[in-house]
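Reader: Could you take me through the unusual backbone spots in this model, one at a time? I'd love a close look at one loop to begin with, and then the others for context.

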Amino acid sequence: MTEAAPFHQQSPIVFNETPAEIEVRDGFQVVLRYEHEGGGPFLVDLSHRPKWSIQDRQVSRIRPYRMDLPRVSNTCILQNGFLLLRLTEFRAHVWHLFGQSIEIPSEFPYIDITGGDALLALTGRDIPAILEKAAPLDLWQPQPPLPRRMFQGPVFDVDCILAVLEHSPVNSMLLLACGRSYGQSMAENFLGIGEGWRLRPAGERMFTKFFQNQGAL
Amino acid sequence: MKRRSRKRLTDLETLRIDPSRRVRFRFGLRAVKGFLGDSVATALYGNGVRIFSRSIKFRRPRGLYSLNGDCANCLMEIDGRPNETAETTLLGEGMRVRPQNVRFSLKRDPFGFMDRLDWAMPAGFHLRRFHKPFSLWPFFLKRIRRAAGIGRIAPDYRSEELFDRQFLQTDVCVIGGGAAGMSAALAAAKSGVRVVLLESRPWLGGNFDHRTGEFESEVTLYKEARNLAAEIENASIRLLLRTVAVDLSGDGRVTAYRMGGEENLWDRRLINIRCRSLVAATGCTERPLLFEHNDRPGVMQVDCAYRLARTYGILPGTAGVFSVGHDEGLEAAASLHDLGMMVRAVADCRTEPDNPKLSAMLSERNIPYLPGWHAAEVKGKKGVEGVVLFSENGGRQQFFDCDLLVASAGLSPVGDPLLLAGSELDYDSRTGCYLPRSVPPGVHPAGRITGITYPGALEASGRLAGLRAAEECGASVDEALRESEAALQECPAPTRGCPELPLSGKGRKSFVCFDMDVTVKHIRQSVDRGFDTAELAKRFTGAGTGPGQGGIPGHNLPLLIARFREEAPDHTRPTTVRPPMISTPIPVYGADRIRLSRVSPVHSLLKEAGAVWDDSTGWRQAAYFAFDPAAREGIDAVRHRVGIMDAAAQGKFRIFGPDAVHVLDRVLIGGMSALSMGRAKHSFMCNRFGCILYEAVTACRGKDDYLVITKPGKGREVYQWICLHAEKEDWNFQIADLTESLGAIRLSGPSARDLLQGITQSNVSNPAFPLMGFRRLSLWDGALAVQAVRTGAVGEITFDLFMPASLMAPAWEALTAAGGPFGIHPYGLAADTLLRLEKGRFHTERESDNRVTLPDAGLGRYWHRSRSGSETIGDVALSRTAEQSGRMKRVGFQMEPAPNDGRLLKDGAVVVEDTIQGHVCLTRYSATLGEQIGTALVAEHLAEPGTILNLFEHDMDPDERRYARVVSLPFYDPDDSRMKG
């Protein structure tokens, strides 16, 4: 039998930048920091973070890692490093954004979609202005404290799931998930339209730093 | 030119130019200067230019008329772009401006004689002349277009402008930054809702901005405008200057077009606005006064003359006559007199002004005021040399020597946004205007658009509209609303307009529409010929169909029609408004339109291998490799060695749960209940008419657990189709779209099994892994786990390997390396299509339409008829049509040798006898078989093998035919020994 090199999982997104720090995690080579990341705004590839889809007739009864899913469709909750998103009456997503590797629950309704979705974080002051060139969605309306609103709608005419985690005059944080196949061109086009605001790729550390500053971690 | 050029007024508080900053530009060959803040038209006017263009039909000289871009008079070529509106284009350093639609010079155009041939061009002449004999029409059409063209673009012109697109979300969108619009925006913003304010000019203020009339004691109108603008800047209002609404709908969608400035990274931007409530405060335009030669350079509207002086510091003439129909005209006459212009007389088509103070102001300045008089004719060939005024009944006339005639019949509300939003306009006899009658919910008119003109009422009306809009967005404004309603009610009633459209003479040179050279006489001819509504007259004469749309004919057209029909104006309506409301460059609509391609996880590897792409399925798939469009290398590999194909674009679903099989039986025609674990089945999805929609391979992964694989690019459709037909049932199942999560690689060819066996310890021999089998395989000692389905799509041993998409690229590389000794070669869609054709496979996209049922396509064997209680979609229709005669049939054919034309027949050729009897679905040259083969849908009597088909393509001579012989399918390996091997 022929031998093969070890298989590393590949993110759908590759930035044309030089990584300064890399970590191998769950088979992915995760870029923690790029050289010359600049002062923001930033585009961070989080496609390697575990993501699960949950489908059930009574999805509210399911409690991933003993956390309650949001009761209302198009809302989300950030809790213990997880973002719990309620898509429809029967569907929810769980994005594990921070923390150590975690196994997908082996119960019936969980489906691993980590490799199927590209997940991007956009963070910085000018993110609303950049998104105005990409998405006809009312992302920045005043948010209720909890649960937060999430959005299912087009970005560059592609169906995406979006969650606004932070919006203030000085800083905004938006997470955007789309089909894996769109990931690379989605990222490239964001960098294209964000050029005027100096949007640049950043490593995962920029994402976690944002939440450390917020005291969420 | 130099004669009229004079010093600008530089010390006015109302100026919007910066007299300390010169801007240099070129007009034709001449270097000229303007000031920062000038528009191209005002800079030219300030340099003495009076003729800006020549008219489209009669080649009459045309000059500055409205300053708002309402007509084509000031369309010019600016920096190589034709048809730019010089009135609204901000002057830029180094601009190159050229007049258009002119030969030799603006003053002396050799085609000027056309003006004397107006008798030969009555209304609708282009619809009646030159059409007999019809063969000559193209000849004349070409010449008419050449004579009448407005602007030319160089074939090698490349725009250096940057176009951009923006999506805005807001609660209240206010269109118009005049007094009413600003008041509305402020009132709404103070109530806490988000507000976007659109203003077409580079500054706020609207009609107040240049006016020196009194707003209230010791506050002039322009100062009030400045105060409101300052408040706007300090409020949390998103202000978009130089932005015009071009389209809107009653459900809160507004499309706007914005011009950029030096501070922007773009030049022109299309803005899609979503709002919950809309305030239309678009104000009024002036209704042109109709008299002989009303289009002469030197005739202009009140607002134009007033703004030229007060905003741009240019006195429009040395001696002027005013013929007006509203109070602003009297105010402008007094103001221009104060700035140094001689005002010979002010004729007012009304019997008295609304504000008596204004007539007193004229008396104080010794300006003759003539109530009940109006302009009847302008004297002068290339400009105004004098004006003849008529009294109301035409009984008396006076002549005035002058170089400027400021003319206006009154005001016309700009109701276009309301009409687009679904409102209707009705004639209002008090104001003499068409005013909004009914307004759809969520739309609030404010200001002069509602007929009011009193300055205090404009602001009150704006405040009220803003509060109502905010209330619709959930703001609590009850008390403020009550106060605003009371404030508006206390304001004076709308002023009286001109009682009747003043008209004198036959109207041979009284222009209703400048853009299309339509005169009063033309409108009369149109009515006489039975085209006696505004809509019909518009089409027959062309009035309002030029670049300025209905800007100049506007409300004059329905009023004229009413007059010629001897009816009251309330029997007619203005013409329909269609977007865009103003001329918008076409590239703006394609601005920054980003369409993302779906790419496979091995996209970069395929690119390195020289893939040429096919985007037809929505995925960027490799069509062929390395400049081999015939894909012979790939085909050769599949037929003799092993080929590798990127199959990630296939739709992939996992359907699982106790009722999963019911779902499959509902949509798949093949009877899935019999599918056992480890087996796969090829089947089809039909619509309720039995016509083929999709094909799928379904593999049973485990108990009540299925993997469904569909054609590339069909994943989303199939997912929706399944959900649509299962949602109403009380079935316990889950469906997961794994199209993106699973990568897929197809290995095909006689060596595919050997290759696979070399990298797995599982037994993949024919008995252990038969055709249409499903296995979970561990490759490379557990380094990669895949799900494998063995199919026979291309007629060879084929394995579809499914693995996590994130591992597909390394898997591809490892398989390519492992396949090296077997001569592995990548192949793409071109090879796949031909390989499938050789095997006689059904091509869903090319061979199915709304007529082809499963049996028609020769696929009746896939229909599982014996299910009990089945409700499979299409089952009933298939039962009824299975034995029906006279249906189209799918057949295979081989081309007969062509006598002298060696070219290949193309897809879509028709099968003919006396009539069309079918068409070619798919045809290719097969190097494997050494001949051109294909499939066709033909009438039943032509479906017998051996029948000769007569084929015709659109580019053949009418009597020419190609011939093909019907043969049995498949063309290749009829006993399936290779794929079963």
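Author: Phe130(B) sits in the loop between helix H2 (125-128) and helix H3 (137-148) of chain B. Helices here are DSSP runs of H or I with at least four residues, strands are runs of E with at least two, and both are numbered from the N terminus. This is a predicted model, in which local features need pLDDT of at least 70, side-chain atom pairs count only at pLDDT 80 or more, and totals for chains, interfaces and linings use all residues. Residues are numbered from 1 along each chain as its sequence is written, while chains are lettered from A and ligands numbered from 1 in the order in which they are written.

Back to the loop: Phe130(B) is not a glycine, yet its phi is positive, near 70°. Most residues other than glycine have a negative phi, and most peptide bonds are trans. With 17 other C-beta atoms within 10 Å, Phe130(B) is partly exposed (20 or more would make a residue buried, 12 or fewer exposed, and partly exposed is in between, with C-beta atoms placed from the backbone).

In chain A, Asn74(A) also has a positive phi, about 65°, without being a glycine. You'll find Asn74(A) in the loop between strand S4 (51-55) and strand S5 (75-79). Asn74(A) is partly exposed, with 17 other C-beta atoms within 10 Å.

Now for the peptide bonds. From Gly40(A) to Pro41(A) the bond is cis, with omega near 5°, and Pro41(A) lies in the loop between strand S2 (28-34) and strand S3 (42-45) of chain A. In chain B, Pro579(B) and Pro580(B) are joined by a cis peptide bond with omega about 0°; Pro580(B) belongs to the loop between helix H14 (556-564) and helix H15 (586-589).
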